Amino acid sequence: MKPLSGLRLVEFDGLGPVTFLGMVLADLGADVVRLTRADSVGAAVFTEVGGAILHRGRPAVPVDLKEEGDRARVLDLLAHSDGLIEGFRPGVMERLGLGSDVCMARNPALVYARVTGWGQTGPLASSVGHDINYLALSGALSTFGEEDRPARPPLNLVGDYAGGALMGAIGLLSGILQARATGKGAVVDIAMTDGVALMTALFHALKARGLWTDQRNANLLDGRAPFYRCYRCRDGGEVAVGALEPRFYAALLAGLGLTSEDAPQYDRSRWPEITDRLGAIFTTRDRDDWASLFAGTEACVTPVLTLSEAVANAHNQARGTFDIAGAPAPAPMFDGVRPSGETETPPPLDLSDALERWLGVTPPS
């Protein structure tokens, strides 16, 4: 039995965090119905970008939300659902006649999760934006990249997926626990700007103690320290060095043929010099040679793998981190067992089929 077995959710198909959130919850056993735009009303340009990976584990149910009959059937589904996930700009669901007041009037225990970039309130609430914009306003984007170049976005992993989808999972499941205890649902306002800002808590704490500056590439964890950064190797590959603790740093130096006198760890005035010295040494061997040399040591040196290489990595294969097709497998594990997500997208349903699946009876016409 999967952890979320028995949980029923309706996902209003979208991009970015909503699709990823639906996948994660379905992977963990939730029964998710994904409502997509019917062919008659067109489809978003990137609707199918997730393919069999991001859309796995839950059927698509095409609907026309401007059609009264389809809206009524959606409300029928929501009447038997624990939660709803949507990622439209504020006011869109209300204009469709499916705002939180309407849906929760039909099901008072419903948890209505709204995942957006700016949130449901504030002067930017109705503005457009993407992951890079939400990172920018949260302050997080200013920390990524080199000091003499513009900031570089870390793909869309931090805003869409961490600040939006994973914070959304926490909010949605917390609301469902509350609803089961009280019988009363909730509207959960998940803003990516809020979620990303929350993830910068450590750096605000360090800054308050004078241990972090606003200057990019000048701090312990942002690539300035010679013992916490990546280095290019002879073959063009890279290694990641994370030798933060003194004993780990000692193991790193030993592997490089250096002593603490050659490269004192906490003499910040010498960090540029030490970085150059370590960089020169790493260029004398290929990436995988360094990986083999440091394997089994406490130096915290690992190869920087490509996406394809990560699938073939022995550790990832031993844990089943990727499935046989090379797609990321469901996570996390429970009692040493990984949830077995569906590897393909189930066949589409219509609204009547979806409701029948939940009710166990054929709904009235």
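**Sheet and nonpolar cores of the predicted model**

Strand β7 and strand β8, the latter spanning residues 238–242, pair in the antiparallel sense over 5 bridges, where pairing requires that DSSP finds at least two bridges between two strands and where strands are DSSP runs of E of at least two residues, helices being runs of H or I of at least four, each numbered from the N terminus. The model is predicted, so that local features need pLDDT of at least 70 and side-chain atom pairs count only at pLDDT 80 or more, whereas totals for chains, interfaces and linings use all residues. Residues are numbered from 1 along each chain as its sequence is written, and side-chain values use heavy atoms, with hydrogens and water left out.

Within this pairing, Arg 229 has Val 241 of β8 as its bridge partner. The open sheet consists of 3 strands in the order β7-β8-β9, with antiparallel pairing, and its edge strands, β7 (228–232) and β9 (301–303), each pair on one side only.

The largest nonpolar core (buried Ala, Val, Leu, Ile, Met, Phe, Trp, Tyr and Cys residues joined through side-chain atoms within 4.5 Å; buried means under 20% relative accessible area with a 1.4 Å probe, protein chains only) holds 26 residues, and those touching the most other members include Leu 9, Phe 20 and Leu 25. Two or more residues each come from α1 (17–27), β5 (111–116), α7 (157–182) and β6 (186–191), and α1 gives the most, with 7 residues. Leu 25 touches, among others, Leu 4, Ile 85 and Leu 173, not counting residues up to four places away in sequence, contact meaning heavy atoms within 4.5 Å. A second, separate core of 24 residues includes Ala 225, Ile 274, Phe 282 and Ala 299.

Notes: Buried means under 20% relative accessible area, exposed over 50%, partly exposed in between (1.4 Å probe, protein chains only).
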